[in-house]
Every structure is written in structure tokens, then in C-alpha cells.
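Please keep the 3D view open while you read this note. Each point below can be checked against it.

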Amino acid sequence: MTTTKKRPALLGLAATAGLGLFAGAWFLVPGSTGSDELSGNTDALDAAAAADPLSDVPVGYASMNGGTTGGFGADSVNEYLLSEYSSWSEEGTPGEALYEVLKEHIRADSDEGLVVYVDVTVTPDQVSQDKIDVKDVSNVSVLGVGEDGRFDGIGFKVTRSENVVFRNLAIRNVSQGEGDALEVTENSSNVWIDHNEFSSEKEGVDKDFYDGLVDIKHGSEYVTVSWNKFEDHWKTALVGHNDNPSSGPDRITYHHNLFSNLNTRVPLVRHADVHMLNNVFQDIDGSAINARMGARILVEGNHFDNVGSGSTDSHAGQIQGPVGWWYGSSETGYWNLVDNAFVDTPHEHLESTTDFTVPYEYEAQSPEDAKATVEAGAGTGVIDVQS
């Protein structure tokens, strides 16, 4: 594989001390000695070792269909450090530079990859569009550098694209456009969304002011959503945007995510096969995993704490809690409950309604171990992307 650095003065990646190779990119592992061993204070990461938050490959559906490697999955890789590229390119702001470099990649050969290191804050006033398009492309990674890769008020839309990776980004308060922090749509495939932080405001705003944090729609499939934080939001995540099966997505894995201080749609799933593995749900006001329209969900090893209102939904007469079928769709979905923990959460009424399992290999943690693992390993700053 060859690498072309499309920037004037990229700091030498291979020369930086204490680096580990993750998803083809160089990441600094906290406490790393560069000898595949961790030094310093590693207690928190030791608790997470079995699940490995520092893994360089996705677990779950994104590992199938050829795997998901992002920009490093091509024979040649073009790399950009966003702050430096925007300073010498024709684009005046980092946001516009990012938009344009993604647009230019449409013309890339199929064996050419794109990696953008985001080391600045991107805001709506930097971009002439209402979102950042990842459209009609393949082999793309957008990676936050340290804790500097931030998007305040503007999000991403992935359209008809494949082999795309988002890692170590903080995306918050996106109300413009369709109001999604990250949307995957129109038959996109093999997307890995890992170690990001998604949030808005839940208190003092209308429930429709923001839309979803991560929405997966219109035939998209082979997606893994892992090690993220979803916080302070009304309508959290959508899998399938309406009841029409012809436009349903499929094959989605959520594992080791923290869902905290949310209202509903954690997530709302129509049509798709979904694996909810070792996630932590805490302080969910209304309802969490909402299965509709024949969706099949394996709910395994999750930790639920103060999840659900406990009230009876008028639509289907089900108790609003960690798992169920609520609100507007005419048909239920189905759930297979395996080894979950419920604390201050209505659950005595729950039982499995399907024996659905997933077609890939994985190791499940106990809910208690998953809680410790997620608290130590989810969100930004765990993998520290170096530029």
C-alpha cells in the first residue's frame, strides 16, 4: 500500500513514540510503550480487555461482507490533516475544505482511499451546505485527532457509499438540514461508527428541535455502532425511517455504547436484524429498544439502569421500558432477551418473542462487566489519533 500525504508538513506518523496501529491508522494508546504492552495507570483498560476497546477491526455486521477498513482498505491512501490542508488549499475554512475533499474523492479510482484527520472544530458558518456529504464514495475514514475533532451544529450524511469509518469525533447540537448528527442512507454499506460522542440538549427544547443522533435508513446494511456515547437527546437513533419494507435497512450491530439521559428511540428499529450487545442504558425517560414492523433484535448482555417510564402505551398496551413495541407502527417487532441486567427498570413483564441469533462470531460479556468496560472505554480520547 502506498500513502500520499496531501498536506505540506504532516508530522511523521511512524516517528511518533508510543504508537499502535488501529484500522490502518496510527493511534496513540494511553500508557503505551510502543512494545504492545500498556504501562502506567491501566486499571480501567484492564477491565475492558476482554472486549478490547482499542481493536483495529469492527465486531459485528461491519466485519462481514468483505469487512470495513475505511480509507486504509485501498491500495493507495491519500491523507489530509484538516487544519493544514485548509490553510493552503483554495478553500478558506476547515469545514469547506472537508466538504470539498470528500466531494473530490467521488472521482477517485476504486483502489484509492481517503483519510481525513480532523484536528479543529467545524461549525455551520464554515460550510455553505447544511451538512457534510459522504456521497457516492468508497474507502473513506474521518478520524478525530486527540479531543480536537469536533462538529458543533453540523453533521454528516452518508449516501450510496461503502467502506466508511468515523472514529473519535464529537458531534453535537445539529439542528439544521434534517437535524441528524450522522445519517447513513440510500444503500450505503460497511460503515463503522466507533468511539464518537453524540449529544444535543434535552432540557428546555422541543422534542422535534433536533432529529436523530445516528439514523440508518433506506436499504443501508452491514453497519457497526460501537464504543460511542449518546447523551442528552430526545429522539436518539433510528433504524428504518418508515413502515415500508422496501426501504428498510438491515444487519446492524450496536455494542459497548453508553446511552445516557435520553427520552426515546434507543434505538427505534423497523424491518432490520439488529444485535444490541453489551450496551449500557441509563436514565431513559420514556422507552428504549423499540421493535416494530418485523424487526428482529438480539438483546444480549446489556445493563439497564432507570430505563423506561413504566406507563402503559396507548398504542399497543405495552409497558414503556427497556424493550417493547410502542407508538405508531401497525406491526410489532421481535426480541430475543439473553442475560441482561435490570436496575430500577420495569422488566418483570418481559419475555423473548423470537429465538433470533446473529451469523458472526463474538464474545459477550456479562452485563456487570460490560458496564465497567463501557465506562472505561467508550467515547472520544480512548483512541488518540495522532497526526
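1. Start with one term. A residue is called buried when its relative accessible area is under 20%, and exposed when that area is over 50%; anything in between is partly exposed. Take K217. Its relative accessibility is 9%, so K217 counts as buried. Remember throughout that this is a predicted model.

2. Look at the partners of K217. Its side chain meets that of E178 in a salt bridge, with 3.9 Å from N to O. The two sit in distant parts of the chain, 39 residues apart. K217 is in the loop between β16 (214-216) and β17 (221-226). E178 is in the loop between β12 (170-172) and β13 (182-185). Is E178 buried or exposed? Neither label fits: E178 has 45% relative accessibility, so it counts as partly exposed.

3. K217 also forms a salt bridge with D180, at 3.8 Å from N to O. D180 lies in the loop between β12 and β13, while K217 lies in the loop between β16 and β17, so this pair ties together parts that are 37 residues apart in sequence. D180 is at 6% relative accessibility and therefore counts as buried.

4. Now widen the view. Which residues are linked in a network of salt bridges? They are K157, E178, D180, E183 and K217. The count of salt bridges in the model comes to 19.

5. Another salt bridge deserves a look. The side chains of D194 and R167 meet at 2.7 Å, N to O. D194 belongs to strand β14 (residues 189-194) and R167 to strand β11 (residues 162-167), so the pair ties together parts 27 residues apart in sequence. D194 has 1% relative accessibility, so it counts as buried. R167 is at 0%, so it counts as buried too.

6. Turn to the rings. How many aromatic pairs are there? The count comes to eleven. In one pair, F151 and F156, the ring centres are 4.8 Å apart and the planes meet at 65°, so the pair is edge-to-face. The cut-off for that label is over 60 degrees. F151 is buried at 0% relative accessibility. F156 is buried as well, with a relative accessible area of 2%.

7. Next, F230 and F259. Their ring centres lie 4.9 Å apart and their planes are at 20°, so this pair is stacked. Stacked planes are under 30 degrees apart. F230 is in strand β18 (residues 229-235) and F259 is in strand β21, so to speak of distant parts of the chain is fair: they are 29 residues apart. F230 is buried, with a relative accessible area of 0%. F259 is buried, with 1%. Both rings belong to one aromatic cluster, formed by F198, F230, F259, F281, F304 and F342.

8. Finish with the strands. Strand β21 (residues 258-264) pairs with strand β24 (residues 280-284) in the parallel sense, over four bridges. What is the bridge partner of S260 in β24? It is Q282. Strand β24 is also joined to strand β27 (residues 303-307) by four bridges, and these two run parallel. Here V280 has H303 in β27 as its bridge partner. Trace β21, β24 and β27 in the view to follow both pairings.

Definitions and conventions
Residues numbered from 1 in each chain as written. Predicted model: local features only at pLDDT ≥ 70, side-chain atom pairs only at ≥ 80, totals over all residues. Heavy atoms only, no water. Pairing = 2+ DSSP bridges. Salt bridge = Lys/Arg side-chain N within 4 Å of Asp/Glu carboxyl O. Buried < 20%, exposed > 50% of the residue type's maximum accessible area, 1.4 Å probe, protein only. Phe/Tyr/Trp six-rings, centres within 6.5 Å; stacked < 30°, edge-to-face > 60°.
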